[in-house]
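User: Could you take a close look at one part of this model for me, the small sheet toward the end of the chain, and then show me how the rest is put together around the other elements? I work at the bench, so plain words are welcome.

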Amino acid sequence: MKKIMLVGRPNVGKSSLFNRLAKQRIAITSDVSGTTRDTNKAEIFIDDKNCILIDSGGLDDSNELFKNVKINTLNEAKNADIIVFMVDGKNFPDEIDKRFFYELSNLNKPIALVVNKVDSKKDEERSWEFNEFGAKYIFNLSVSHNLGTDELRDWMYKLIPKSKIKADTSDDFDEFLDCVNENGEMGLPSVDYETKNIKIGIIGRVNVGKSSLLNALVKEDRSVVSKIAGTTIDPVNESYVYEDRVFEFVDTAGIRKRGKIEGIERLALHRTEKILEEADIALLVLDASEPLTELDERIAGLGAKFELGLIIVLNKWDKDHGEFDKVVYELRDKFKFLAYAPIISVSALGGKRVHKLYPLILEVYKNYTQKMKTSRLNEVLEEAIRTHPIPRDHGKIVKIYYGVQFGFAPPKIALIMNKPRSLHFSYKRYLLNKLRENYELSGTPVILIPKNRSQKESTENEN
């Protein structure tokens, strides 16, 4: 079984990428440099192929402990089959990274240079500097926002032999055929989305005004408000009825940088993530009177991680901080992965424009839980393919036979194909944009999953 090793200096995101590829939280991640000291290994599947993924300790010479970690990492690399060398895209290239990269390149193994933390246009421009490494394969990633990982997975996939063990593909798609009626339409979802309570998590870093927003939304002083950062530890729940729908708001604990989380706040962060697992919509609260921070981006990534409907709330709008369009432009640049999320400005403490959130929540929830008619969905897909045909795979035709929605909250669409592995991530993005042009999808992510029409047809088409 092929071994893929993640290598790099401390705090470049190796453990985060390890968890992302393994699809579970195995490695502990932290802003503290040198958190990972021993190698973590896990057998993972990249689509239908399995391999061993290895997360290594950081390459560092700063003290005796880290020198031993570095030696262990380099020895492990000699036994790996594929190397993924990671660097921090927030910084410019330096000679130490180059030295380690060249040393690993001399092992004559497939090696990719991954520039992580490329979260904005400014980061993208800086990432060009890493071409001086002379790497044949370079990938720009934002692991925390799950951007660019598809392209890296494609590269890995081509280097891994076919598995003898069948991947565990159990998911909603495996059961969707039971819900399709004789006309090819999805049956009604098991949850009655038109009557159930709408669960809304209020998230943001400390002291951005989440508790003030909750109080303004439910029109009572339900949550304690203070200028002391970290006042809210336990989640605060409150319901509010609007147009015969029950909104269940939860004010979560403010999130700090991981290196500053201590004691009871660790439990509070864990509770916040548990709340988001059960939520339908997240209100991402940002302090409009202050510049956006990297922590804001990471918290925004929680909405994407849990596939929630999302609304960006610019709080404290009554302060002098520039024109709305200018701030929105900066937001869109930093939060490209949340391009679908509507942005609203409020002053929670003064109650200004808070009332506009109620209809916006209903709109986003309607989009988040909508059922797409299969015939209309395929008209949109066929028109998109006619306008911009699917690129061939080494001269072989790639076909989408049809699309069908197999999940709700958020909408999940299976693309039934002859060669699902050959659908490039950029073409998936094109199809998503076409869907957004033809459907009301503001505030909701949309999940596109290429699937084989059948194992038999897939084999016949490849021959």
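Analyst: Strand 14 (residues 412-417) runs parallel to strand 15, and six bridges hold the pair together in this predicted model. One of the positions to look at is Leu415, whose bridge partner in strand 15 is Pro450. Helix 12 (residues 374-387) packs on this sheet, where it touches strand 13 and strand 14. The direction of helix 12 makes about 135° with that of strand 13. Helix 13 (residues 425-438) also packs on the sheet, touching strand 13, strand 14 and strand 15, and its direction makes about 125° with that of strand 15.

Stepping back to the sheet as a whole, you will find three strands in the order 13-14-15, forming an open sheet with mixed pairing. Strand 13 (400-407) and strand 15 (447-452) are the edges; each has a single partner strand, so one side of each is left without a neighbour in the sheet. On average, neighbouring strands here are turned by 25° against each other, direction ignored. As a reminder, strands of a sheet pair through backbone hydrogen bonds, either parallel or antiparallel.

Now for a sheet with six strands. Its order is 2-3-1-4-5-6, and it is open too, with mixed pairing. The edge strands are strand 2 (40-46) and strand 6 (138-140), each of which pairs on one side only. From one strand to the next, the twist averages 25°. Strand 2 and strand 3 (residues 49-55) are antiparallel and share seven bridges; in strand 3, Lys49 is the bridge partner of Ile46. Helix 3 (residues 95-105) packs on this sheet, touching strand 1, strand 4 and strand 5 (111-116), with its direction at about 175° to that of strand 4. Helix 1 (residues 14-22) lies across strand 1 (3-8), strand 2, strand 3 and strand 4 (82-88), and runs at about 160° to strand 3.

Helix 1 has a helix partner as well. Its axis and that of helix 5 (residues 149-159) come within 12 Å and cross at roughly 75°. Angles of 65 to 115 degrees count as roughly perpendicular, and helix 1 and helix 5 are therefore roughly perpendicular to each other. On the helix 1 side, the contact is made by Leu17, Arg20 and Leu21, while helix 5 brings Thr149, Leu152, Arg153 and Met156.

Another strand pair is worth a visit. Strand 7 (residues 198-203) and strand 9 run parallel, joined by five bridges, and Lys199 stands opposite Glu248 in strand 9. Strand 9 (residues 245-251) is mostly covered, with five of its seven residues buried.

Helix 9 (residues 294-305) gives you a simple check on geometry: at 1.5 Å a residue its 12 residues should span 16 Å, and the end C-alpha atoms are 16 Å apart, which agrees. Among its buried residues are Leu295, Ile299 and Leu302, and also the charged-name positions Asp296 and Glu297. After helix 9 comes Glu307, with a positive phi near 55°.

Finally, the whole chain. It comes to 14 helices and 15 strands, and buried residues make up 51% of its 463 residues. Of the contacts between residues at least 6 apart in sequence, 71% join residues at least 24 apart. The accessible surface is about 23100 Å², and 48% of that belongs to carbon and sulfur atoms.

Conventions: Residues numbered from 1 in each chain as written. Predicted model: local features only at pLDDT ≥ 70, side-chain atom pairs only at ≥ 80, totals over all residues. Heavy atoms only, no water. Pairing = 2+ DSSP bridges. Helix = DSSP H or I, 4+ residues; strand = E, 2+ residues; numbered from the N terminus. Axes fitted to C-alpha atoms, helices over the stretch in contact; angles between N-to-C directions. Contact = heavy atoms within 4.5 Å. Expected span 1.5 Å × (residues − 1). Buried < 20%, exposed > 50% of the residue type's maximum accessible area, 1.4 Å probe, protein only. Areas by Shrake-Rupley, 256 points an atom, 1.4 Å probe, with all protein chains shown as cover. Parallel < 35°, antiparallel > 145°, perpendicular 65-115°, else oblique.
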